[in-house]
Structure formats: structure tokens, C-alpha cells
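Dear colleague,

Here is the structure I promised to hand over, and I would be glad if you could look through it alongside the notes that follow.

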Amino acid sequence: IRKMIGRWADRVIAINEYSASIIPGLFPGLGDRVHIVYDGIDMSGRYENMPYDSIFGYDCSGLKVFLYIGGYIPIKGISEIVEVFHGIQRDDYRLLIVGDRPEKNMRPGMRLTCDIIDSDSRIKCIPSTYRIEHLVRQAYCTVSFFTWPHANLFLAESIISRTPAIAARTEASEE
């Protein structure tokens, strides 16, 4: 694939400066053909009424709900976030995970993460959804901990929604 891209690509489109910076290392000779087209963040049409009270099944006023939207994808930091959250013993903290749980062929690390989630009544999981605006706006804080740097669109969505965010400090998140 690298040879084909190097030989046939007229342009390589990267979604941010960090991604553009790694292209020459992956594809020698393509540096002058790399262009950046930033992903647009558009929250219109992304609202669905999803009150935390309904999701958790009780009154959430006075609780600090941390929102993680990255599913069970290891490079998005699910295991690290769950482990740290589980270790914090605060009755007023909740973690809402948005993403579909793996059903089969779980690696041991992911199985441990799922076991921790199942054992901590403060953690709630809901299926993946594109309509996250209401979830983000209700959050005390959003969290992401990418273990492999790549474009962190959820961080950008949090920022434009004016919701505080905690994120791993990477070149991509700094951008």
C-alpha cells in the first residue's frame, strides 16, 4: 500500500498538522504533496434529549458526571479512564461511557476493563450515538486519554460546546 500511495498519489490529505507531520516518515517523498483539510465540527442535528436522570435512573443534580465518548477502543484510553475513575472513591462522581461493548473475542485487558465497569455502580454505559450534544452540555467534564496520538474530535466538540475537558497531552490534542 505504501508503494502504491507513494507512486500514484497526487495529494495526501491529512486532517491536522500532527497527521501531516507523520506522513513523510511513512511515505518518503510525499512531504510536498501533503495538504491539511481540517475536520469540521458541526453540532447541528446532533441533539437528542437524553437527560442524565433518565440514563442513570435517579436524580443526578449535585453529581459530577464525567463523559467519555470513545467506546471500547483501546487506543482511545477506555482502560486507563475506567481504572483511574474506579480508584477514585467519591460518591458524587459518575462516569458515563458512550459506546458499544464488545460481545466476543475480548482480549484479557478488555475483559478486565469490562469487569471493573460491571462492578462499579457509578459507571453507566450506553450505546454509541452521533447525537451527543445534550450529553456533552450536561457533563461536569469530558474525558479522553488517547494512548496513540490521533485527531481528538471529541476534545474539539467539548471545547466548542464550552464543556471542560480532561485529555491526554499529545501533539494532536495540543493542536
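Ile-73 counts as partly exposed because its relative accessibility is 42%, and partly exposed covers the range between buried, under 20%, and exposed, over 50%. Please keep in mind that this is a predicted model. Ile-73 lies in the loop between β3 and α4, and together with Ile-75 and Trp-148 it forms a nonpolar patch on the surface, with about 290 Å² of accessible area in total.

From that loop you can turn to the sheet, in which five strands are arranged in the order β5-β4-β3-β6-β7, forming an open sheet with parallel pairing. At its edges are β5 (123–126) and β7 (165–167), each of which pairs on one side only, and the twist from one strand to the next averages 25°. As background, strands of a sheet pair through backbone hydrogen bonds, and they do so either parallel or antiparallel.

Strand β3 (residues 64–69) is paired with strand β4 (residues 93–98) in the parallel sense, over six bridges. Between these two strands the chain passes through helix α4 (residues 78–87), and this β-α-β crossover is right-handed. If you would like to follow the pairing residue by residue, Lys-64 stands opposite Tyr-93 in β4, while Ile-69 stands opposite Val-98 in β4.

Strand β3 is also joined to strand β6 (residues 141–144), which runs parallel to it, through two bridges. Here Phe-66 has Cys-141 in β6 as its bridge partner.

With best wishes

Note on methods
Residues numbered from 1 in each chain as written. Predicted model: local features only at pLDDT ≥ 70, side-chain atom pairs only at ≥ 80, totals over all residues. Heavy atoms only, no water. Pairing = 2+ DSSP bridges. Helix = DSSP H or I, 4+ residues; strand = E, 2+ residues; numbered from the N terminus. Right-handed = clockwise from strand over helix to strand, strands pointing away. Patch = residues over 30% accessible without salt bridge, like charges linked within 9 Å, V, L, I, M, F, W, Y side chains within 5 Å. Areas by Shrake-Rupley, 256 points an atom, 1.4 Å probe, with all protein chains shown as cover. Salt bridge = Lys/Arg side-chain N within 4 Å of Asp/Glu carboxyl O. Buried < 20%, exposed > 50% of the residue type's maximum accessible area, 1.4 Å probe, protein only. Axes fitted to C-alpha atoms, helices over the stretch in contact; angles between N-to-C directions.
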